[in-house]
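Me: I've got this model open and I keep tripping over the terms people use for it. Can we go through them one at a time?

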Amino acid sequence: MSHQTIVILDLGGQNNQLAARRVRDLGVYCEVKPFNTPAEEIKSLNPAGIIFTGGSGKTADNTASGIDKNIFSIPVPMLDINCGCDPAAKTSGKEIKKITDENDIGIFKSFLFNDCGCTGDWTMNDFARQNIAEIRKKVGDGRVLLALSGGVDSSVLAALLAKAVGRQLTCIFVDHGFMRKNEGDEVQKAFAGWDINFCRVDARERFMSRLKGVTEPEEKRKIIGEEFIRVFETEAKKIGAVDFFAQGTIYPDIIESGTNGSGVVKSHHNVGGLPDCVDFKEIIEPLKLLFKDEVRKLGTELGLSEILVNRQPFPGPGLAVRCIGGLTEEKLDILREADYIFRSEIANAGLDRTINQYFAVLTGMRSVGVNDGVRTYDYTVALRAVHTTDFMTAEFAKIPYDILEKTAVRISNEVKNVNRVVYDITSKPPATIEWE
Ligand code: XMP
């Protein structure tokens, strides 16, 4: 079944994908094309309408002059979002609708459904089918390698690739030992029935021995990042040369890494990829135009387990940066149990869908307590829970006291060597979401 197509002509700035997302949200298929795309090429897509997007100001003015003027004679409705194409259009005798706020859903709706006559029947299922077809075409009979972390993005990508190329795909899942309780097994289980090559590497000892005595957060992150690449490299070598290396980059990753001029606050270990150590010809990034919630929808569409699709964000170095200071197996076990209890209580209270990120931290601090009249000197667990839309800023979640109380009682009763539980009431900034 063919769908109406909206062409988005990108005249610079970041609005192109925001507009694309609005159009997709309204159930209409769209393609983003660069500003200098020839009119013939656009015509060949048989568009139902054309949207011009640009950042405000100069970029748009300058690039507008590079538009193929014949585009304005394509007999379809056109919409200008903040990019000043209307004078050029007018000269060509075309009236185009103009808006300055890409958040105005009403205007999008009226443009797509009234002006262009779109029906809004494009679904995530269509998106999946189209992408599967595109991946098959690109990959041919080549081999694809994916570093699977178990996070939402790499899991959805694995599912998409599995549907597209099956056993031509090898997923390497490095178990560094810093995952949450049961998580490694959950990931393995989620992919157990799939017809792909799935390789779980137990590298727990390797990581722990490299981190022995290391207490400084950035040093920990650096070592984990490096060791991850080494382990991956060793495994990839066993497989030999592959044709494609798949990355779960999503659209916000591109925005964040491309436009933020500020200094590094924390070195995020799984951003930037691993291209040097693996023998491959080309990188493929099939999710790179999707926003996080679209990635989740796609995962559901592909039949991925709910546990993976709705997983909250988890840092690449995992519990290693939630266990403050030096790491030991004992401390990681304490943290894993405490974190599990907190997550269960949040879920029991039905807050798991509204709080964006919540976890336990094992502070390096010990304090005096009392148990059955006997003095204890044990660890303090901190609970962290935040509301955020973009993870760049965040507010601590106002969790009801009774839920915090129940969590604290359970943690101090059920987890050995913990005698104190505190709740982190700092926002970001000045704190970050993670403690290290
Ligand atoms: P911070 O602690 O900087 O975290 O406020 C912002 C968000 O990023 C996550 N985070 C990471 N994600 N690799 C990741 O993919 C990392 O190394 C990493 N460190 C922090 C953090 O969990 C939060 O969602």
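Reply: Sure. Start with pairing: two strands pair if DSSP finds at least two bridges between them. Keep in mind that this is a predicted model.

Me: What makes β3 and β4 a pair, then?

Reply: Count the bridges. Strand β3 (residues 47-53) and strand β4 (residues 78-81) are joined by four bridges, and the cut-off is at least two, so they pair. The two strands run parallel. If you want one spot to look at, take T53, whose bridge partner in β4 is I81.

Me: Which sheet do they belong to, and what is the strand order?

Reply: An open sheet of five strands, ordered β2-β1-β3-β4-β5, with parallel pairing.

Me: Why are β2 and β5 called edge strands?

Reply: Because β2 (29-34) and β5 (97-99) each have a single partner strand, one side of each is left without a neighbour in the sheet. As for twist, neighbouring strands here are turned by 20° against each other on average, direction ignored.

Me: What makes you say that α5 lies across this sheet?

Reply: The strands involved. Helix α5 (residues 105-115) lies across β1 (5-10), β3, β4 and β5. Against β5 the helix runs at about 160°. Angles go from 0 to 180 degrees between N-to-C directions, so a value of about 160° puts α5 and β5 on the opposite-direction end of the scale.

Me: How do you know that β9 and β10 pair in the other sheet?

Reply: By the bridge count again. Three bridges join strand β9 (residues 244-246) to β10, and at least two are needed, so the pair counts. These strands run parallel, and A246 stands opposite I284 in β10. The sheet is an open one of five strands in the order β8-β7-β6-β9-β10, paired in parallel. Its edge strands are β8 (197-202) and β10, each pairing on one side only. From one strand to the next, the twist averages 25°.

Me: What packs on that sheet?

Reply: Helix α7 (residues 152-165) is one of the elements packed there, touching β6 (144-147), β7 (169-175), β9 and β10. Its direction makes about 160° with that of β6. Helix α8 (residues 183-190) packs on the sheet too, touching β7 and β8, and its direction makes about 165° with that of β8.

Me: How do you know that both domains help line the second largest pocket?

Reply: The lining draws at least three residues from each of domain 1 (5-115) and domain 2 (124-309). A residue counts as lining if it has an atom within 4 Å of a pocket point. By that test 25 residues line the pocket, with F127, N131, E134, P286 and L289 lying nearest its centre. Helix α6 gives the largest share, eight residues. At least two residues each come from α1 (15-25), β2, α6 (124-139) and β10 (282-284). The space inside is about 730 Å³.

Me: What makes up that lining, chemically?

Reply: It divides into 14 nonpolar, three polar and eight charged residues.

Me: What makes N46 worth a look?

Reply: The sign of its phi: N46 has a positive value, about 50°, although it is not a glycine. You'll find N46 in the loop between α2 (39-44) and β3.

Me: And which peptide bonds around P429 are called cis?

Reply: The one from K428 to P429, with omega near -10°, and the one from P429 to P430, with omega near 10°. P429 lies in the segment after β14 (418-423), and P430 is found in the segment after β14 too.

Note on methods: Residues numbered from 1 in each chain as written. Predicted model: local features only at pLDDT ≥ 70, side-chain atom pairs only at ≥ 80, totals over all residues. Heavy atoms only, no water. Contact = heavy atoms within 4.5 Å. 1 Å grid on protein atoms, 1.4 Å probe; cavity = no way out; pocket = protein on both sides within 12 Å on 5 of 7 lines; lining within 4 Å. Points joined across faces, edges and corners; volume = space filled by probe spheres on them. Nonpolar A, V, L, I, M, F, W, Y, C, P; charged D, E, K, R; others polar. Domains from an automatic or database assignment.
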